[in-house]
Structures are given as C-alpha cells and as structure tokens.
Amino acid sequence: MTGTKQACELGDCGTCTVIMDGKAVNSCLVLAMQADGSEFTTVEGLAVDGKLSPIQESFIDAGAIQCGFCSSGMMMSAKAMLDQNPSPSRDEIRHGIAGNLCRCTGYYKIVNAIENTAKRRCKEGGA
Ligand code: FES
Ligand code: FES
C-alpha cells in the first residue's frame, strides 16, 4: 500500500491518518500491540470495485488536491467524521480535520470537498 503517507512521525501532521475501529488515528502513534485485533481502513479501502468513493470524487471535483501529500489523511479524517456526523457544519468539518496539515494551504477547497461529500453521500450513499 502506498496511499498512507509518513512525515513527522510525531502525531503532528495527520498525513498518516487511517481509520482504526471506526476512529481516525495517526498511525505513526499506534503501536503494533495496540493494533492487534483491530479493524483498519486506509485510503485504499475507499474505492469499491475500481469506482472512486464520493469523498474521492468530491476532492477531485473541488480542486482540493494540490500536491496530494495530505490528501489520504484528510480523506480518512473526513470519512471518520462523516460516518459519525453525516451533515456537519463547516465549523464541524474544520474541527473534524483539525490535526491534518496541508502545506499547500488548500483548506478552503478541502472543506468545500467535504461539504459536497456530505451532500453526495445523502444522495448516493457510500464513503
Ligand atoms: S506522520 Fe505526522 S502524524 Fe503521523
Ligand atoms: S495538497 Fe499539498 S499538502 Fe495538502
């Protein structure tokens, strides 16, 4: 797998975010013994049968992917948030991706993408 990125290794950047037992976690801080027996979803798990998920399509459509380094972590944080709160406000979205840094500073479009994902998921379902 190549989707999950490794950068700070200190829990500061969020590029390594995966979903562990339904919660977004910085995988760089999860010990192997903590992970044992848990269920993980990485960005590779978003697409189904080669079809991009609503969140992936929304990131592309909104121009929310610039260099792309933060994108997998952003999408996993967004998915975990949307699974808990399907209709978040923009403030709730910002809170949901707090801890995920985008060095390209494209936060406005990222928030737009997540907002659009919520609308899309209501219509189509899926991640
Ligand atoms: S690599 Fe930065 S939070 Fe894990
Ligand atoms: S798109 Fe480049 S770091 Fe976020």
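## A walk from the sheet to the helices

Start by selecting Ile-19 in strand E1: its bridge partner in E3 is Thr-41. Keep in mind as you click around that this is a predicted model.

**Stop 1: the sheet**

With Ile-19 and Thr-41 picked out, widen the selection to both strands. E1 and E3 run antiparallel and are joined by two bridges. Now add E2, residues 23-26, and you have the whole sheet on screen: three strands, open, in the order E2-E1-E3, with antiparallel pairing. The strands on the edges are E2 and E3 (40-41), each of which pairs on one side only. As a reminder while you look, strands of a sheet pair through backbone hydrogen bonds, either parallel or antiparallel.

Next, look at the E1 and E2 side of the sheet. E1 covers residues 17-20, and four bridges tie it to E2, again with the strands antiparallel. Two pairs are good to label here. Thr-17 has Asn-26 of E2 as its bridge partner, and Val-18 stands opposite Val-25, also in E2. While you have side chains showing, remember that in a regular strand they alternate between the two faces of the sheet.

Then follow the chain round the hairpin of E1 and E2. There are two residues between the strands, and Asp-21 takes a positive phi near 50° in this hairpin.

**Stop 2: a loop with exposed residues**

Move along to the loop between E3 and H2, and pick Val-48, which lies in it. Is Val-48 buried or exposed? Val-48 counts as exposed, because it has 10 C-beta neighbours inside 10 Å, and the cut-off for exposed is 12 or fewer. If you like, draw a distance from Val-48 to Thr-2: the two sit 46 residues apart along the chain, and their C-alpha atoms are separated by 17 Å.

Now click on Asp-49, which lies in that E3 to H2 loop too. The backbone deserves a look here: phi is positive, about 50°, although Asp-49 is not a glycine. With 4 C-beta neighbours inside 10 Å, Asp-49 counts as exposed.

**Stop 3: helix H2**

Select residues 54-61 for helix H2. Which residues of H2 are buried? They are Pro-54, Ile-55, Gln-56, Ser-58 and Phe-59. Show H3 and H5 (107-124) as well, since the buried residues of H2 pack against these two helices. Before you leave the helix, check Gly-63 just after H2, where phi is positive at about 70°.

**Stop 4: H2 against H3**

Bring up H3, residues 71-84; its axis and that of H2 come within 10 Å and cross at roughly 130°. H2 and H3 are therefore oblique to each other, and their crossing is right-handed. To see the contact itself, show side chains for Ile-55, Gln-56 and Phe-59 on the H2 side, with Ser-71, Met-75, Ala-78 and Lys-79 on the H3 side. Colour the residues of this contact by class and you get four nonpolar, two polar and one charged.

**Stop 5: H2 against H5**

Hide H3 for a moment and turn to H5. The axes of H2 and H5 are 8 Å apart, and the helices pack at an angle of about 140°. That makes H2 and H5 oblique to each other, in a right-handed crossing. From H2, the contact uses Pro-54, Ile-55, Ser-58, Phe-59 and Asp-61; from H5, Ala-113, Asn-116, Thr-117, Arg-120, Arg-121 and Glu-124. What mix of classes does the contact of H2 with H5 have? There are four nonpolar, three polar and four charged residues.

**Stop 6: the loop before H5**

For a last pick, select Thr-105, in the loop between helix H4 (90-96) and H5. Thr-105 has a phi near 60°, a positive value in a residue other than glycine. Thr-105 is exposed, with 9 other C-beta atoms within 10 Å.

Notes. Residues are numbered from 1 along each chain as its sequence is written. Chains are lettered from A and ligands numbered from 1 in the order in which they are written. This is a predicted model: local features need pLDDT of at least 70, side-chain atom pairs count only at pLDDT 80 or more; totals for chains, interfaces and linings use all residues. Axes are lines fitted to C-alpha atoms, for helices over the stretch in contact, and angles run from 0 to 180 degrees between N-to-C directions. Angles under 35 degrees count as roughly parallel, over 145 as roughly antiparallel, 65 to 115 as roughly perpendicular and the rest as oblique. A crossing is left-handed if the near helix is turned anticlockwise from the far one by less than a right angle, and right-handed if clockwise. Two residues are in contact if their C-beta atoms, placed from the backbone, lie within 7 Å. Ala, Val, Leu, Ile, Met, Phe, Trp, Tyr, Cys and Pro count as nonpolar, Asp, Glu, Lys and Arg as charged, and the others, Gly among them, as polar. A residue is buried if 20 or more other C-beta atoms lie within 10 Å of its own, exposed if 12 or fewer, and partly exposed in between; C-beta atoms are placed from the backbone. Two strands pair if DSSP finds at least two bridges between them.
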